[in-house]
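I keep these entries as a record of what I looked up, item by item, with the model open beside me. I begin with the rule for accessibility and then go through the chain by topic.

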Amino acid sequence: PGPGLALRFQRRFLAARPLRSLPWPELEQSLRTAPDSALLADILHKTILHPLCVKYPPSAKYRRRFLTELIKKLESTAAEPLDELYEALADVLKEEEESTHCYKNYLLPSGDCVSLCESTALISGGTTGLLTWEAALHLAQWALQNPSLFRGRTILELGSGIGFTGIAICKSCQPRTFIFSDCHPRVLRQLRENLQLNGLSPQPDVTWSVQTESQGQEGEGQSCQNPQVIVAELDWGSVTEKQLLALRADVVIAADVVYDPEIILALIGMLQKLSTSRADRKAPEVFIASTIRNPDTYQLFQAELDKAGIRWQVIPAHSSCNFLCDVQPDVTILQLFI
């Protein structure tokens, strides 16, 4: 299998992808061909014992199940027993009861990494924003394949959640300014923590009008090693055209924001405000990634866009994948012309 197999385990394990999506069949095949505990030791060191896992561990339950599976694979072959594996499992079993938060570490193609603290419950505190959804991974992957769209520009992300897409873009695409926005205080709090975790320091909280006056002075198109990062509490219903104009967004992105008919109408209202708020500037380019969980909701979104006179086109999906590589859900990216 060469080093590739252990690296595939690493990429998926550190991001706490579903255990069934890890390359177990290849591991079994490899162990059948050559019972070798060195391969398992390599996997162990690239996962459980990796410095990222030690510093920002996936949930204890996930690590426990992973190690149990690894031990099962070892014991089903004639390979030498591996004490380290049993010791690692004993360490995880000694940990305190499951915490409400865990970490996911996404390795970027650049070798950099996005580490996120996530809520272990799917919907906690009445918001789904405390998790990274599939569409956010897709949108980030697409952005990393199209960095010139973001380089040196001001990006507004709607419904940033805990920040995966934006952090990946800030680390890889050199935007001038990145505005993370969401409307839930708990999500914004977690988002700020994740920005700090990844070495990005958001501007101190200031009101909208002040926050954005200083932007847009330098020329567009220059690449920025350290983008200016802003976190904005943005309610699509109550935000004004004037506030949106002050943001001077060149590009607007959103992932997994089309999951509820009421939200769709608020989103379209917001996009219409963005299109009228442009003064002498070009309307921003808009890209929205959605996991199609319910085709009716998604068709409603397209119908409402048509009704509002907003043209749209589907961005063709890239087959190559960086941080997903397991079962691809049905994700579509639309470009909107507002």
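Entry 1, accessibility. Before reading any value I note the cut-offs: a residue is buried at under 20% relative accessible area, exposed at over 50%, and partly exposed in between. I looked up L265 with this rule, and because its relative accessibility is 51%, L265 counts as exposed. I should keep in mind throughout that the model is a predicted one. L265 lies in helix α12, which covers residues 261–276. I also looked up its distance to L305, 40 residues away along the chain, and found 9.4 Å between the two C-alpha atoms.

Entry 2, the chain as a whole. I counted 13 helices and nine strands in the secondary structure. Of the 338 residues, 52% count as buried. I then turned to contacts with a separation of 6 or more, and 74% of these join residues 24 or more positions apart.

Entry 3, aromatic rings. How many aromatic pairs does the count come to? The count gives ten aromatic pairs. One of them is F13 with F66, a tilted pair with 4.6 Å from centre to centre and 45 degrees between the planes. This pair links distant parts of the chain, since F13 belongs to helix α1 (residues 2–14) and F66 to helix α5 (residues 60–75), 53 residues apart. I checked the accessibility of each partner: F13 has a relative accessibility of 0% and therefore counts as buried, and F66, with a relative accessible area of 0%, is buried as well.

F66 also forms an aromatic pair with W24, and I noted this pair as tilted too, with 5.8 Å from centre to centre and 45 degrees between the planes. Here again distant parts of the chain are linked, with W24 in helix α2 (residues 24–33) and F66 in helix α5, 42 residues apart. W24 and F66 are both buried. Following the ring pairs further, I found that they link F9, F13, W24, Y62 and F66 into a cluster.

Entry 4, a charge over a ring. Over which ring does the charged end of R311 sit? I found the charged end of R311 over the ring of F337, at 4.5 Å from the ring centre.

Entry 5, two packed helices. I looked up helix α3 (residues 37–46) against helix α6 (residues 83–94), and they pack at an angle of about 35 degrees with their axes 9 Å apart. The crossing in which α3 passes α6 is left-handed. On the side of α3 the residues are A41, L44 and H45, and they meet E84, L85 and A88 in α6. Sorted by class, this contact of α3 with α6 has four nonpolar residues, one polar residue and one charged residue.

Entry 6, positive phi. I note as background that most residues other than glycine have a negative phi. Which sign does phi of A16 have? A16 is not a glycine, yet its phi is positive, at about 50 degrees. I located A16 in the loop between α1 and α2, and because its relative accessibility is 18%, under the 20% cut-off, A16 counts as buried. D256, also a residue other than glycine, has a positive phi near 50 degrees. D256 is in the loop between β6 (251–255) and α12, and its relative accessibility of 10% is why D256 counts as buried.

Entry 7, A255. I moved on to A255, which is in strand β6. Is A255 buried or exposed? With a relative accessible area of 9%, A255 is buried. Leaving aside residues up to four places away in sequence, I find that A255 touches A135, A136, L139, L158 and A289. I also looked up F287, 32 residues from A255 along the chain, and the C-alpha atoms of the two are separated by 8.6 Å.

Entry 8, D296. D296 is in helix α13, residues 295–307. Its relative accessible area is 56%, so D296 is exposed. My last look-up was the distance from D296 to P261, 35 residues apart along the chain, and their C-alpha atoms are separated by 9.6 Å.

Terms used. Residues numbered from 1 in each chain as written. Predicted model: local features only at pLDDT ≥ 70, side-chain atom pairs only at ≥ 80, totals over all residues. Heavy atoms only, no water. Phe/Tyr/Trp six-rings, centres within 6.5 Å; stacked < 30°, edge-to-face > 60°. Helix = DSSP H or I, 4+ residues; strand = E, 2+ residues; numbered from the N terminus. Buried < 20%, exposed > 50% of the residue type's maximum accessible area, 1.4 Å probe, protein only. Lys NZ or Arg CZ within 6 Å of the ring centre and 35° of its normal. Axes fitted to C-alpha atoms, helices over the stretch in contact; angles between N-to-C directions. Left-handed = near helix turned anticlockwise from the far one by under 90°. Contact = heavy atoms within 4.5 Å. Nonpolar A, V, L, I, M, F, W, Y, C, P; charged D, E, K, R; others polar.
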